[in-house]
Amino acid sequence: MRHPIGDLTDRIAVITGGASGIGAACARLFSARGAQVVVADVNEAKASRVAEEVGGVAFAVDVRDEVSVETLARRSEAEVGPTAILVTSAGIVQPPLPPEALPIDLYDQVLAINLRGTYLSARAFATYMLERRSGAIVTISSITAERSVPLHAYAPSKAAVTNLTMGLAGEWGRAGLRVNAIEPGYVRTPALQEQIDRGHRDPALLEEHSALGRMVEPEEVARAAAFLVSDEAGCITGIALPVDAGYFAVGGWAP
Ligand code: NAD
């Protein structure tokens, strides 16, 4: 049955970071909307479990590594088929820290996974999409791309992802590719839960700093992603769509 909005019947969708959180929610929803899903993640065991659940295919990838990402794209194209959709959800967070206390290794890691990983993934799959003059890419940025927050590696990495998304949209638009970002607010995922469990974030404050008075569910980000990669959004490219429970309307940094 075709879904009235965001139908993805018979499209091949590759999701980096697809083993957990927002990426796993995209895998489940895209599959329910008719897509064949490729779950690509550094955590191969978890990727396999999600792929099995959605009748998809799992591949191991480290998005920091150019060869690993290009191998993923080559194998996915050869073994699964032509990629219509790419979601780049692989990412890591950092604890809030003053800049002088932020270990430079952590800074490098965050930039390597969140920014370089997004760039390498988009570039590797776009190579194939450009040949077919067709494809839709969604990058997962963050509300922190737009605000001053004490996450001095994470927030700049996401600001760069939003900016990169616009740049790629401009570069590839006339060749039939659309590239959009989602800027999620506080999403109830394992990554955020870990920050809460470690006492780095207070869930009550995260809820308070939103117009809706609650966090975002991973499925709600996935629904926005499904819309953006679907034909419904055929004239939408280069945007950064907040899915933030109204953080931008009323929020600020919530420790
Ligand atoms: P998550 O930890 O649940 O999922 C992230 C996935 O990325 C994991 O499966 C992990 O194994 C994978 N990954 C990490 N490093 C990788 C690498 N080098 N190569 C391949 N895969 C790798 O986190 P999440 O909350 O679902 O986050 C997904 C994306 O959403 C991230 O980019 C994150 O920055 C972004 N985001 C999350 C929130 C939130 O509140 N949870 C808010 C805004 C943006």
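**A walk outward from strand S6**

Strand S6, which covers residues 177-184, is mostly covered, since eight of its eight residues are buried in this predicted model. The side chains of the strand are divided between two directions: Leu177, Val179, Ala181 and Glu183 point one way from S6, while Arg178, Asn180, Ile182 and Pro184 point the other way, and the residues of both sets are all buried.

From here the reader can turn to the strands that pair with S6. Strand S5, made up of residues 135-140, runs parallel to S6 and is joined to it by six bridges, and within this pairing threonine 139 has alanine 181 of S6 as its bridge partner. To pass from S5 to S6 the chain goes through helix H5, residues 154-172, and the β-α-β crossover formed in this way is right-handed. Strand S7, residues 240-243, is also parallel to S6, and four bridges join the two; in this pairing, isoleucine 182 has leucine 241 of S7 as its bridge partner.

Stepping back to the whole protein, one finds nine helices and seven strands. The protein is as compact as a globular protein of its length, because its radius of gyration, 17 Å, is close to the 18 Å that the globule rule gives for 255 residues. Along the principal axes, the C-alpha trace spans about 45 × 40 × 35 Å, and 50% of the 255 residues count as buried. Among the contacts with a separation of 6 or more, 72% are made by residues 24 or more positions apart.

Technical notes. Residues numbered from 1 in each chain as written. Predicted model: local features only at pLDDT ≥ 70, side-chain atom pairs only at ≥ 80, totals over all residues. Rg over C-alpha atoms; globule rule 2.2 N^0.38 Å. Buried ≥ 20, exposed ≤ 12 C-beta atoms within 10 Å, placed from the backbone. Contact = placed C-beta atoms within 7 Å. Pairing = 2+ DSSP bridges. Right-handed = clockwise from strand over helix to strand, strands pointing away.
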